[in-house]
Amino acid sequence: MNLEGVIAKRADAPYASRRTETWLKLKCKQRQEFVVCGYTDRSDGSRQIGSLLLGVYGPEGKLISVGSVGTGWSSEEAGDLKRKLVKLEVPKSPFAAGTAKPGRWSKRVAGSERWVQPKVVAEVDFAEWTPDGQIRHASYVALRTDKPARAIKRETAKTTDGPAPLRSAGNAGVGGIKVTHGERVIDPSTGLTKLDLVRYYESVADWILPHIKGRPCSLVRGPEGVGGPQFFQKHGEKIGIPGITELPASLWPGHDSLLEVGNAQALAGAAQMNVIELHTWNSTVKNINAPDRMVFDLDPGEGTGWPQVQEAAMLVRALLTQLGLEAWLKTSGGKGLHVVVPLTPRMDYDTVKDFSQAVVQHLAKAIPSRFVARSGPANRVGKLFVDYLRNGLGATTAVAFSARARPGLGVSMPVSWEELPKLKSGSHWSIPTAREHLSFQSTDPWASYWKKKQTLTAAMKMGSMPFRVERDSLI
Ligand code: ATP
Ligand code: MN
């Protein structure tokens, strides 16, 4: 939109007509890498550079001057830059003839120009390009050693399809999707509307897509919102949601074809078609019979409260750690918590499910005051049943970042184990608060989830614990 910047206020802070920490001015900046072609010394004769003279490669492979940057570094960095560049000095400008006016910088920048071999690449942010191809208000960010200088070109910013301006709540466009009845309240307890839900899904698309892409996905549709009837939809008949793909029926023989929500458009389209929740399989289409995760579901129940769920999550984690398995945590967005163990997809569903059952049985045996191994109310008063039943073929779990079709529109939120004691419930975050939480979060607590490589093999061999399930064909 070519704005100079935007102003933001923390949603829960009062309006104050002065500078406060709850107002933020966010300048729109551009940023790219440039080839360092020369530098100037500082006028005070110190051993630091005064500015870097920058260039990019033009269409015919000519090195073109684009201006300079004289700020953004510490004095230590400025000294390092100088030491690095002195070694690369050459007598003549590396710019193609006629692209840099001689003496350009010696007039503007104190100190004389020194030229270097165009080998070093620096990342710089800047406000804009001038019509004659110079960068304005540049500030140094860092050197980049991962990019060859020859690859540095002038970059052009692409306009993304952001939310279209809201014309009327009744017919708003979100990410190319036409939202009908956007004003309809889908959760009377909060007054949240269908448009709020569509906007939520659009705003977390980058977060949720890694969790749903390439995986069979079931949909909870609530055409009348949270209070009305809900439909759990697994199959594709007359789905009519643009972007949602029907997977080949051969994937799960004997069943109708499954669905995949594979991109941001499908996600927004799903919300437009009254999908509130998304639930996924534990395996991907690529390897449909081998789960790439194992899920333990923890809920407060009859006679058990939230603190007991928190404690149980820690105990489940402790046992998994003993078994050499790293686990990640998310709120369910409803009542409880989900403990998720990523797996290299090698074993079949029965093996993983049996293993998860053995984990739950072991917990019940080791800490009978806290856990039961069987579901059912009679068995669980005051005790917790850690549900492993989502680990079977065809079973699903609410996906990370899914909204929940319950009052308050809670959201299943990935959290770090350190955050567990601070959580107030399984619906600690909801549609109106989740996005802000994500923007303030300094690191993604699940960043390493995707990189984790582990299998159940070693854990199944641990003799002292009953993790060897008596099913001969599988182990
Ligand atoms: P909470 O923390 O409140 O228990 P949750 O996500 O753990 O939330 P539920 O919402 O009770 O649990 O969902 C139970 C499980 O059953 C989910 O894994 C869901 O995928 C599955 N499920 C729900 N409805 C159906 C259905 N109609 N058919 C098949 N599976 C379903
Ligand atoms: Mn649950």
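This report walks through the cores, the metal site and a few strands and residues of a predicted model.

## The big core

Let's start inside. The largest nonpolar core has 80 residues, and the ones touching the most other members are Tyr-201, Leu-278, Met-294, Phe-296, Leu-298 and Val-339. Seven of the core's residues come from helix α6 (residues 306-322), which gives the most to it. Domain 2 (172-280) and domain 3 (289-395 + 408-474) both contribute residues, so this core lies between them.

Tyr-201 is a good place to look around. Setting aside neighbours within four places in sequence, Tyr-201 is in contact with Leu-278, and its other contacts include Ile-208, Leu-267, Val-275 and Phe-401.

## Strand β20 and its sheet

Now find strand β20 (residues 293-298), where six of the six residues are buried. Both faces are covered: Arg-293, Val-295 and Asp-297 are buried on one side, and Met-294, Phe-296 and Leu-298 on the other. Met-294, Phe-296 and Leu-298 should ring a bell, since they are among the core residues that touch the most other members.

β20 belongs to an open sheet of four strands, in the order β20-β22-β21-β26, with antiparallel pairing. β20 and β26 (414-415) sit at the edges with a single partner strand each, so one side of each has no neighbour in the sheet. Six bridges link β20 to strand β22 (residues 337-342), and Phe-296 stands opposite Val-339 in β22. At the other end, strand β21 (residues 328-331) pairs with β26 over two bridges, and there Leu-329 has Val-415 as its bridge partner.

## The manganese site

Which residues supply the protein donors of the manganese ion (ligand 2)? They are Asp-297 and Asp-299, each listed with two OD donors, and the distances run from 2.1 to 2.8 Å. Asp-297 itself is buried, with a relative accessible area of 2%.

The ion has six donor atoms around it, and the angles they subtend go from 51 to 174 degrees, which makes the arrangement irregular. Why does that range matter? Six donors count as octahedral only if opposite ones are over 155 degrees apart and all others lie between 65 and 115, so an angle of 51 degrees does not fit.

## A second sheet

Another open sheet of four strands runs in the order β16-β15-β19-β25, again with antiparallel pairing. Its edge strands are β16 (231-233) and β25 (397-398), and each pairs on one side only. Further in, five bridges join β15 (residues 217-221) to β19 (residues 275-280). One spot to check is Ser-218, which stands opposite His-279 in β19.

## A separate core, and two buried residues

There is also a second, separate core of 33 residues, including Val-35, Val-36, Val-69 and Val-116. Val-69 is found in strand β5 (residues 63-69) and is buried, with a relative accessible area of 0%. Beyond its close neighbours in sequence, Val-69 is in contact with residues including Gly-50, Leu-52, Val-124 and Tyr-140. Val-69 and Arg-136 are 67 residues apart in sequence, but their C-alpha atoms are 8.9 Å apart in space.

Is Lys-82, in helix α1 (residues 75-86), buried or exposed? Lys-82 counts as buried, at 15% relative accessibility, because the cut-off is under 20%. Leaving aside neighbours within four places in sequence, Lys-82 is in contact with Tyr-39, Asp-41, Ser-46, Arg-47, Gln-48 and Ile-49.

Conventions
Residues are numbered from 1 along each chain as its sequence is written. Chains are lettered from A and ligands numbered from 1 in the order in which they are written. This is a predicted model: local features need pLDDT of at least 70, side-chain atom pairs count only at pLDDT 80 or more; totals for chains, interfaces and linings use all residues. Side-chain values use heavy atoms; hydrogens and water are left out. A nonpolar core is a set of buried Ala, Val, Leu, Ile, Met, Phe, Trp, Tyr and Cys residues joined through side-chain atoms within 4.5 Å. Buried means under 20% relative accessible area, exposed over 50%, partly exposed in between (1.4 Å probe, protein chains only). Domain bounds come from an automatic or database domain assignment. Contact means heavy atoms within 4.5 Å. Donors are N, O and S atoms within 2.8 Å of the metal (3.2 Å for Na, K and Ca); water is not among the atoms, so sites may look incomplete. Four donors count as tetrahedral if all angles lie between 85 and 135 degrees; four count as square planar and six as octahedral if opposite donors are over 155 degrees apart and all others between 65 and 115; anything else is irregular. Two strands pair if DSSP finds at least two bridges between them.
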